[in-house]
Amino acid sequence: MPRNPLPRLRKLALSFPEAHEVEAWGEPTFRVKNKLFAMYASSGNHHGEGRPAVWCKAKAVNQQLMISMAPKKFFSPPYVGPSGWVGVWLDGEIEWDELREILLDGYRMTAPKKLLSRLGPD
């Protein structure tokens, strides 16, 4: 049985200043100042196609590039995909450093400037 990716995902997402977790729609969501920057979709979620994933806020151009470069790793999630969010499958070999950067991009798009200054330089 594959390892549950949620604990490690949670650790990454909550490592950013004032990031917090809220359960919504029966799944963990990750927020800053109560604004979403990522959400988990378990393999049992009716949107997950039987596969665990994380949906991350992203710019539409980044979403398109990521999906075209690695369609087996990235996808356009339902509901939020048209807004540029990107889905990352979590059931294969996960590149955790890459996932952290994707989460950080979503966090940067969501967090107030005051919190961004606590991250340090890009």
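**Entry 1: T29 and its contacts**

I looked up T29 and set aside its neighbours within four places in sequence; the contacts left were H20, E21, V22, A24, L36, A38 and M39. I note here that the model is predicted. I placed T29 in strand β2.

Is T29 buried or exposed? I read a relative accessibility of 1% for T29, so T29 counts as buried, because buried means under 20%.

Next I checked polar contacts. The T29 side chain reaches the backbone oxygen of V22 at 2.6 Å. I also found the side chains of T29 and R31 joined by a polar contact of 2.9 Å.

**Entry 2: strand β2**

I moved from the residue to its strand. β2 covers residues 27-32. I asked how many of its six residues are buried. The strand is mostly covered, with six of six buried.

I then took the faces one at a time. On one side I listed E27, T29 and R31, and all are buried. On the other side I listed P28, F30 and V32, and these are buried too. Both faces of β2 are therefore covered, given the under 20% cut-off for buried.

**Entry 3: the β1 side**

Which way do β1 and β2 pair? I found the antiparallel sense, over six bridges. β1 spans residues 19-24. For one position in this pairing, I noted E23 opposite P28 of β2.

I followed the chain through the turn. β1 and β2 make a hairpin, with two residues between them. W25 sits in that turn and has a positive phi of about 55°.

**Entry 4: the β3 side**

I turned to strand β3, residues 35-41. It pairs with β2 in the antiparallel sense over four bridges. What is the bridge partner of T29 in β3? I found M39. M39 is also one of the contacts I had listed for T29.

I checked this hairpin as well. Two residues lie between β2 and β3. K33 takes a positive phi near 55° in this hairpin.

**Entry 5: S117**

I went elsewhere in the chain to look up S117. It is found in the segment after α4, a helix of residues 113-116. Its relative accessible area is 57%. I logged S117 as exposed, because the cut-off for exposed is over 50%.

Last, I took a distance. S117 and F75 are 42 residues apart along the chain. I read 31 Å between their C-alpha atoms.

**Recap**

I have T29 as buried at 1%, and S117 as exposed at 57%. β2 pairs with β1 over six bridges and with β3 over four.

Key. Residues numbered from 1 in each chain as written. Predicted model: local features only at pLDDT ≥ 70, side-chain atom pairs only at ≥ 80, totals over all residues. Heavy atoms only, no water. Buried < 20%, exposed > 50% of the residue type's maximum accessible area, 1.4 Å probe, protein only. Pairing = 2+ DSSP bridges. Polar contact = N/O pair within 3.5 Å; in protein donor to acceptor, adjacent residues only side chain to side chain. Contact = heavy atoms within 4.5 Å.
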